[in-house]
Amino acid sequence: MEAVSDKYNAVVVAKQALTADLFIMKVKPDKPLAEFISGQYVLLGMSSNVPRRAGCEPEFKESKPDRMVLRAYSIASSGLEPGLLEFYISVVSNGALTPRLAGLQPGDRLMVGDKIRGFFTLETVPKEHKTVILAATGTGLAPYVSMMRRHAVHPYPFRFVILHGAPRSWELGYLEELRLQSRYLSRVAYVPSITRTKEDPWWTGESGRITKYFQSHLLRDKLEVELDPAKTSIFLCGNPAMIHEVGETLAPLGYTAYTTQTPGSLHTEEYW
Ligand SMILES: Cc1cc2nc3c(=O)[nH]c(=O)nc-3n(C[C@H](O)[C@H](O)[C@H](O)COP(=O)(O)OP(=O)(O)OC[C@H]3O[C@@H](n4cnc5c(N)ncnc54)[C@H](O)[C@@H]3O)c2cc1C
Ligand SMILES: NC(=O)c1ccc[n+]([C@@H]2O[C@H](COP(=O)([O-])OP(=O)(O)OC[C@H]3O[C@@H](n4cnc5c(N)ncnc54)[C@H](OP(=O)(O)O)[C@@H]3O)[C@@H](O)[C@H]2O)c1
């Protein structure tokens, strides 16, 4: 009888641990996927027969044996490296897939869904918009890494402000890459902010949840950004509570959600 692992169609080619619970992984599908647009995602899968990482909490909902555990992951690579996909992943201790992905090493195999998904892309932003705010918590940064890597080579016609919130500075993945890009690309401002300052007293940068940028005049005063849905598109990715709170703050300013049917200036990707 066929095992679900027979459906594995990709190999891990590199893995970089930022902390015990946060990693960047590069994967090479056996057959290159179709072209994707920065901001899109694919499904990754592993057999439930693979043991979860030791020390994790019990599974939120126990997986049945020999099932493909599939979850969505934003692509962090730009698509300019043919055949390679990069992912930025945090381990959810009671999760089904991430404690299994955490054990993968270069050379190990997994499944990559062959369908490229999602509309969380800059191609949907009206050309007359001058500025795009890209705001993320945690690994919600992944789609913006893809966008900025593409922007460095094939510039988009917008000014970008990237707001990234993480608990501690060592959980600000891609910090150096984005710092360098914001120096090299004059129309990119990068604002990393940490929330657990007591645990990271060495950090001298911004602190506090990224919601504060939308609930104050900081964007206008520090970055000359107008929160006007006719001029500025806003992308929010990651923690759903952040997305709801920012959405509520922006609604009185006239921001409405972008959907494939309605042309709003607020684009959201909730991770759970
Ligand atoms: C479009 C899309 C793109 C995504 N891209 C990424 C990505 O690039 N990187 C990434 O790390 N994740 C990403 N996710 C989240 C990912 O799909 C999984 O939900 C996540 O990795 C947890 O999977 P799991 O099987 O380990 O946990 P599950 O078994 O699915 O969940 C266990 C419990 O944890 C909750 N939960 C799920 N995810 C999180 C989380 N991140 N933080 C806290 N609680 C959570 C669930 O609601 C549930 O209660 C994305 C989700 C979507 C919808
Ligand atoms: N133990 C670890 O070292 C570790 C490392 C990585 C991931 N993980 C686990 O992996 C999962 C996802 O981690 P993640 O880093 O992607 O995301 P996360 O843990 O949800 O946090 C990322 C950032 O989002 C902030 N945040 C939370 N709610 C918010 C809100 N309503 N508005 C604005 N900002 C908000 C957090 O601030 P606050 O600090 O104020 O909450 C934090 O700075 C979680 O289950 C996490 O526990 C654990």
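Okay, a word on terms to start: when I say "domain" today, the bounds come from an automatic or database domain assignment. For this protein chain, that assignment gives domain 1, residues 4-112, and domain 2, residues 122-270. And please keep in mind that what we're looking at is a predicted model.

So, the overall picture. The protein chain has five helices and 12 strands. Its radius of gyration is 19 Å, close to the 19 Å that the globule rule gives for 272 residues, so the chain is as compact as a globular protein of that length. If you lay the C-alpha trace along its principal axes, it spans about 60 × 45 × 35 Å. Of the 272 residues, 38% are buried. And here's one on how the chain folds back on itself: take the contacts with a separation of 6 or more, and 73% of them are between residues 24 or more positions apart.

Now, back to the two domains. How far apart are the centres of domain 1 and domain 2? Taken over C-alpha atoms, they are separated by 25 Å. Across the boundary, 18 residues of domain 1 are in contact with 16 residues of domain 2. Let's look at the domain 1 side of that. Strand 1 (10-19), strand 2 (22-29) and strand 5 (85-90) each put in at least two residues. Strand 5 gives the largest share, with four residues. As for chemistry, that side of domain 1 divides into 10 nonpolar residues, eight polar and no charged.

Next up, the inside. The largest nonpolar core has 61 residues, and the members that touch the most others are Phe 87, Ile 133, Leu 134, Ala 135, Ile 162 and Phe 235. This core takes at least three residues from each of domain 1 and domain 2.

Let me pick two of those residues. Phe 87, leaving out anything up to four places away in sequence, touches Met 25, Val 27, Tyr 73, Ala 76 and Ala 142.

The other one is Leu 134, which you'll find in strand 7, residues 131-137. Is Leu 134 buried or exposed? The cut-off for buried is 20 or more other C-beta atoms within 10 Å. Leu 134 has 26 of them within 10 Å, so it is buried. Which residues does Leu 134 contact, leaving aside neighbours within four places in sequence? Those would be Tyr 144, Met 147, Phe 160, Ile 162 and Phe 235. You may spot Ile 162 and Phe 235 from the core list a moment ago. Also, have a look at Leu 163: that residue is 29 places from Leu 134 along the chain, yet their C-alpha atoms are separated by 6.2 Å.

On to the ligands. There are 22 residues around ligand 1, and the closest are Ala 72, Gly 95, Leu 97, Thr 98 and Trp 272. The elements giving two or more residues to this shell are strand 4 (68-74) and strand 5. By class, we've got 13 nonpolar residues, seven polar and two charged. Both domains take part here, with at least three residues from each.

What about ligand 2? Its surroundings also come to 22 residues, and the closest are Thr 137, Gly 138, Thr 195, Ala 241 and Met 242. Strand 8 (159-166) and helix 5 (240-250) are the elements that supply two or more residues. Which element gives the largest share of the shell around ligand 2? That's helix 5, with three residues. By class, this shell has eight nonpolar, nine polar and five charged residues. Again, each of the two domains provides at least three residues.

Last bit: two backbone oddities, both out in loops. Asp 66 has a phi near 50°, which is a positive value in a residue other than glycine. Asp 66 sits in the loop between strand 3 (41-47) and strand 4. With 13 other C-beta atoms within 10 Å, Asp 66 is partly exposed. Then there's Glu 224, where phi is near 55°, again positive in a residue other than glycine. Glu 224 is in the loop between helix 4 (218-223) and strand 11 (232-238). Why does Glu 224 count as exposed? Because it has 11 C-beta neighbours inside 10 Å, and the exposed class takes in residues with 12 or fewer.

That's the tour, thanks everyone.

How values were computed:
Residues are numbered from 1 along each chain as its sequence is written. Chains are lettered from A and ligands numbered from 1 in the order in which they are written. This is a predicted model: local features need pLDDT of at least 70, side-chain atom pairs count only at pLDDT 80 or more; totals for chains, interfaces and linings use all residues. A residue is near a molecule or strand if its C-beta atom, placed from the backbone, lies within 6 Å of it. Ala, Val, Leu, Ile, Met, Phe, Trp, Tyr, Cys and Pro count as nonpolar, Asp, Glu, Lys and Arg as charged, and the others, Gly among them, as polar. The radius of gyration is taken over C-alpha atoms; the globule rule is 2.2 Å times the number of residues to the power 0.38. Two residues are in contact if their C-beta atoms, placed from the backbone, lie within 7 Å. A nonpolar core is a set of buried Ala, Val, Leu, Ile, Met, Phe, Trp, Tyr and Cys residues joined through C-beta atoms within 7 Å.
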